[in-house]
Amino acid sequence: MKRLRFIDAFVVIWAIAGAYGVRFGFMDIDRPIPRDVDYFLLSAILILSWWLMLEFWGTREAKVLGTGSEEYKRVIAASAWLFGFVAVVSYALRIDTARGFVGLAFPSGALGLLVARWLVRQHLGVDRKHGRSTSRVLIIGSLNSAAHLVRSLRSQPSAGYSPAAAHLPGVSVDASQSALLGVPLTGTASDVPSILSVIERTEVDAVAISDGALLSPENLRKLGWELAARDIGMILAPALTDVAGPRIHTQPVAGLPLIHVSTPKLTGGKKVAKRAFDVVGAGLLTLAMSPLFVFLACLVKTTSPGPVFYSQERVGLRGTTFRMLKFRSMKVNADSELIKLLAAQGSNHTPLFKVENDPRITPVGRFLRKYSLDELPQLLNVLGGSMSLVGPRPQREGEVALYDDAATRRLYVSPGMSGLWQVSGRSNLSWEESIRLDLYYVENWSLMGDAVILFKTFKAVFAGHGAY
């Protein structure tokens with residue numbers, strides 16, 4: 001926290017001092033500066049106010065550091081409110097504040113803060129993966145909910161929560177259950193003094209209360225008081241899986257915090273915004289990469305017999321079919337050998353038709369696939385409307401025929417050139433992991449999420465891992 005305060009101070013001073021120097025000159029002391037505003041004093045006030053706004057807006061709270069977008073949102077909100085207040089005061093009091101000074105300080109400072117926070121987050125993520133800078137958590141709930149919460153917290157160490165122990169009120173526990181969770185396990189007691197005794201023995205920093213905790217409202221309230229007195233965090237973990245923050249709204253009713261979960265809908269303005277994002281993005285990428293298109297087309301044509309492009313029927317939005325384009329990376333008539341190869345590796349009954357060490361791929365095709373260059377012609381599919389820049393990858397009819405009810409929800413949005421599972425492991429992921437990520441995307445779509453996935457796509461592609 002002290003390090004973050006120092007970094008924020010450095011960035012804010014850099015932004016304000018830089019804006020002052022650019023607007024009024026660094027070394028030219030003879031250059032006239034407007035006297036109706038003392039810009040040196042204004043700069044000092046802005047530096048202190050900005051630094052305090054970041055503190056008051058909760059941008060340095062441990063619960064928002066390391067994961068999620070809330071930290072970045074608070075940084076932007078604190079900065080925008082400060083400069084909005086400066087603009088209102090200047091207008092109301094008719095103070096002629098130099099627009100160039102404010103116009104440089106705000107965007108450069110906000111961007112600098114975001115970059116600095118991102119760098120700190122990378123360092124913090126490394127620390128947390130090695131077990132440092134984490135909060136030890138005691139989980140209270142039923143066996144199944146505790147096991148799920150342990151797995152979830154361990155799957156994302158960057159969040160900073162390390163499961164230290166679990167307590168199952170009203171349940172007699174044994175060694176096999178403790179082995180199942182992978183943490184020390186206690187049970188039976190559901191009164192507050194007994195739970196506090198468990199907390200003291202485990203020396204935790206926070207308590208996560210999950211589904212099946214079997215605590216009365218009175219005991220839950222008393223436990224909250226006792227935890228607050230001991231400066232121990234209290235976390236309520238409802239049995240909601242893969243639901244992102246924008247869909248969750250809390251409404252207090254009669255002293256109860258009711259959690260509303262909105263239904264995801266890609267209609268109306270959201271649908272228009274996504275389509276506009278696709279058309280503009282695909283159009284710019286096509287223009288920028290047109291020389292690369294020509295080079296790759298010549299490379300494919302001159303290194304193996306057959307056409308430059310390969311098209312295959314895939315299943316898209318709401319089960320409609322379309323022809324997906326790719327640069328050809330296999331020998332001609334490769335599709336006729338697919339079933340035999342899948343059967344040989346024992347994956348012909350799973351809805352993910354991927355062949356490892358595929359003998360049908362040409363030498364140039366192997367290079368194209370490693371860096372996903374064979375997928376570039378799908379920009380034309382995006383412009384035509386059959387695909388999106390971001391979405392679940394389109395699959396063959398044979399794969400879709402093996403879908404269960406959950407997997408069918410992949411078809412609720414347009415298929416994409418890239419998707420959440422492509423930037424989370426590509427073909428190294430199992431079908432279960434891939435479908436969970438695709439469903440998370442379908443349930444929690446946002447335009448900002450699409451932009452983040454595209455940004456991560458470049459990193460995943462250049463790494464060249466996990467593509468068959």
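In this predicted model, Val-115 is partly exposed, its relative accessible area being 40%. This value lies between the limits of 20% and 50%, so the residue counts as neither buried nor exposed. Val-115 belongs to helix 4, which covers residues 99-129. Together with Leu-111, Trp-118 and Leu-119, Val-115 forms a nonpolar patch of about 400 Å² on the surface. For the protein chain as a whole, the accessible surface amounts to about 25,800 Å², and carbon and sulfur atoms contribute 63% of that area.

The protein chain contains 17 helices and 11 strands. Of its 468 residues, 41% are buried. Among contacts with a separation of 6 or more, 70% join residues that are 24 or more positions apart.

The largest nonpolar core comprises 28 residues, and the members touching the most others are Phe-327, Leu-368, Leu-389 and Tyr-441. At least two residues of this core come from each of helix 10 (290-303), strand 9 (321-327), helix 12 (363-370), helix 13 (378-384), strand 10 (388-390) and helix 16 (431-443). The greatest contribution is that of helix 10, which provides 4 residues. With residues up to four places away in sequence left out, Leu-368 touches Leu-296, Val-300, Phe-327, Arg-328, Leu-373 and Asp-374. A second core, separate from this one, has 26 residues, including Leu-46, Trp-50, Val-75 and Phe-101.

Helix 16 consists of 13 residues. The distance from its first C-alpha to its last is 18 Å, close to the 18 Å expected at 1.5 Å a residue. Buried positions of helix 16 include the nonpolar residues Trp-431, Ile-435, Leu-437, Leu-439, Tyr-441 and Val-442. Ser-434, Asp-438 and Glu-443 of helix 16 are buried as well. Tyr-441 is also one of the four residues with the most contacts to other members of the largest core.

Leu-454 is located in helix 17, which spans residues 447-463. When neighbours within four places in sequence are set aside, Leu-454 is in contact with Phe-277, Leu-389 and Val-390. One of these partners, Leu-389, is among the residues that touch the most other members of the largest core. Between Leu-454 and Val-390 the C-alpha to C-alpha distance is 7.3 Å, with a sequence separation of 64 residues.

Technical notes. Residues are numbered from 1 along each chain as its sequence is written. This is a predicted model: local features need pLDDT of at least 70, side-chain atom pairs count only at pLDDT 80 or more; totals for chains, interfaces and linings use all residues. Side-chain values use heavy atoms; hydrogens and water are left out. A nonpolar core is a set of buried Ala, Val, Leu, Ile, Met, Phe, Trp, Tyr and Cys residues joined through side-chain atoms within 4.5 Å. Buried means under 20% relative accessible area, exposed over 50%, partly exposed in between (1.4 Å probe, protein chains only). Contact means heavy atoms within 4.5 Å. Patches are made of residues with over 30% relative accessible area and no salt bridge: like charges are joined within 9 Å, nonpolar side chains (Val, Leu, Ile, Met, Phe, Trp, Tyr) within 5 Å. Accessible areas come from the Shrake-Rupley method with a 1.4 Å probe; for residues, only the protein chains shown count as cover. A salt bridge is a side-chain nitrogen of Lys or Arg within 4 Å of a carboxyl oxygen of Asp or Glu. The expected span of a helix is 1.5 Å times one less than its number of residues.
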